[in-house]
Amino acid sequence: MSKTQLFDLDGKIAFVSGASRGIGEAIARLLAQQGAHVIVSSRKIEGCQHVADAIIADGGKATAIACHIGEMEQIDSVFARIREEFGRLDILVNNAATNPQFCNVLDTDLGAFQKTVDVNIRGYFFMSVEAGKLMREHGGGSIINVASINGVSPGVFQGIYSVTKAAVINMTKVFAKECAPFGIRCNALLPGLTDTKFASALVSNEQILNTALAQIPLKRVAAPSEMAGAVLYLASDASSYTTGVALNVDGGFLS
Ligand SMILES: NC(=O)c1ccc[n+]([C@@H]2O[C@H](COP(=O)([O-])OP(=O)(O)OC[C@H]3O[C@@H](n4cnc5c(N)ncnc54)[C@H](OP(=O)(O)O)[C@@H]3O)[C@@H](O)[C@H]2O)c1
């Protein structure tokens, strides 16, 4: 009996934003392990190059490209480069997001509001638009949006961030419906509390951590690698009939 090819990504080109560390790095490494050529991206090229070099050292294919997804010109130029160097894109993982201010919603700062919206909504949206155009030219593709459990159940003192993550869940359905005719699927991953730099303020504070753990049936925080398997499923032919879904990977938090 031969093993399934459903999770193979041989010959695929994948772009992962926020791939220099944390959840994005774990996703980039797994997609490369399954055969994809992964474009490892974030704002700072050094971290991306480090991850790309590690993938190549492991026998995979990777290219590091810097892109601040909150800057429209950088989105334009990264897609011009993808067209020139690769000519196609099969998988987009919108993973890079920002959460600059922890505060009561009444204290929300306009600058933090704008930054959060620009990166988490406008960035995801126009990355998907550009990727969608390129995927349409080549008969389809898969877009995966890393949202959050906060998009369903807002996190305390994470007001505008939670609002943007709810928008990402709706955006996922918009792209799923309107891009299905082009063979493009679009799904969201909703991570629960995951041990990364992003969550370090929560995970390193014993009181906050214990309060969080009390609400997680599996009674532990996730490792970044535990998010990657779900993304591989959504990126690969294993999920060929799945689109518009918001997949909770949260230790049971939302159940
Ligand atoms: N960790 C959690 O508990 C948790 C829970 C739910 C959802 N999430 C979501 O999971 C995703 C990844 O989070 P993480 O925990 O892995 O964070 P992380 O470890 O802090 O990594 C964030 C990544 O995004 C990049 N980045 C930040 N701002 C960017 C921008 N404007 N443009 C491009 N790249 C940018 C960072 O690199 P540079 O500094 O080089 O740009 C880095 O590679 C986010 O969408 C987050 O909302 C996380």
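1. In this note, strands are DSSP runs of E of at least two residues, numbered from the N terminus. By that criterion Ala64 is found in strand 3, which covers residues 61–66. The structure under review is a predicted model, and every value quoted below is computed from it.

2. Overall architecture. The chain holds 8 helices and 7 strands. The radius of gyration is 17 Å, close to the 18 Å that the globule rule gives for 255 residues, so the chain is as compact as a globular protein of that length. The C-alpha trace spans about 45 × 45 × 35 Å along its principal axes. Of the contacts with a separation of 6 or more, 71% are between residues 24 or more positions apart.

3. Surface and charge. Buried residues account for 49% of the 255 residues. The accessible surface amounts to about 12,000 Å², and carbon and sulfur atoms contribute 55% of that area. There are 21 positive and 23 negative side chains in the chain, and the centres of these two sets lie 3 Å apart.

4. Strand 1 and its two partners. Strand 1 (residues 13–17) pairs with strand 2 (residues 37–42). The pairing is parallel and comprises 5 bridges, with Ser17 having Ser41 of strand 2 as its bridge partner. Strand 1 also runs parallel to strand 4, to which 3 bridges join it. In that second pairing, Ala14 has Ile91 of strand 4 as its bridge partner.

5. Continuation through strand 4 to strand 5. Strand 4 (91–94) is in turn joined to strand 5 by 4 bridges, again in the parallel sense. Two opposing pairs can be located here: Ile91 stands opposite Ser142 in strand 5, and Leu92 stands opposite Ile143 in strand 5. Ile91 is therefore a residue to inspect twice, as it is named both as the bridge partner of Ala14 and as the residue opposite Ser142.

6. Burial of the strands. In a regular strand the side chains alternate between the two faces of the sheet. In strand 2, 6 of the 6 residues are buried; His37, Ile39 and Ser41 point one way, Val38, Val40 and Ser42 point the other way, and all are buried. Strand 4 has Ile91 and Val93 pointing one way and Leu92 and Asn94 the other, and these are all buried as well. Strand 5 (141–146) likewise has 6 of its 6 residues buried. Its two covered sides carry Gly141, Ile143 and Asn145 on the one hand and Ser142, Ile144 and Val146 on the other.

7. Surroundings of Ala64. This residue of strand 3 has a relative accessibility of 9% and counts as buried, the cut-off being under 20%. Not counting residues up to four places away in sequence, Ala64 touches Val40, Ile45, Cys48, Gln49, Ala52 and Arg81. One of these, Val40, is itself a buried residue of strand 2. Ala64 and Ser20 are 44 residues apart in sequence, while their C-alpha atoms are 9.2 Å apart in space.

8. Glu130 in helix 4. Is Glu130 buried or exposed? Glu130 lies in helix 4 (residues 110–137), and at 19% relative accessibility it counts as buried, because the cut-off is under 20%. Leaving aside neighbours within four places in sequence, Glu130 is in contact with Ile75 and Phe79.

9. Gln101 and Phe157. Gln101 is placed in the loop between strand 4 and helix 4, and its relative accessible area of 23% makes it partly exposed. Beyond residues up to four places away in sequence, Gln101 touches Asp107, Thr108, Asp109, Ala112 and Phe157. The C-alpha atoms of Gln101 and Gly159 are separated by 8.9 Å, although their positions lie 58 residues apart along the chain as a separation. Phe157 lies in the loop between strand 5 and helix 5 (159–179) and is partly exposed, with a relative accessible area of 45%.

10. Backbone points to check. Which residues have a positive phi without being a glycine? Phe157 has a positive phi of about 60° although it is not a glycine, and Lys219 also has a positive phi of about 60° without being a glycine. Lys219 is located in the loop between helix 7 (206–214) and helix 8 (225–235), whereas Phe157 belongs to the loop between strand 5 and helix 5.

Conventions: Residues are numbered from 1 along each chain as its sequence is written. This is a predicted model: local features need pLDDT of at least 70, side-chain atom pairs count only at pLDDT 80 or more; totals for chains, interfaces and linings use all residues. Side-chain values use heavy atoms; hydrogens and water are left out. The radius of gyration is taken over C-alpha atoms; the globule rule is 2.2 Å times the number of residues to the power 0.38. Buried means under 20% relative accessible area, exposed over 50%, partly exposed in between (1.4 Å probe, protein chains only). Contact means heavy atoms within 4.5 Å. Accessible areas come from the Shrake-Rupley method with a 1.4 Å probe; for residues, only the protein chains shown count as cover. Lys and Arg count as positive and Asp and Glu as negative; His and the chain ends are not counted. The place of a charge is taken as NZ of Lys, CZ of Arg, CG of Asp or CD of Glu. Two strands pair if DSSP finds at least two bridges between them.
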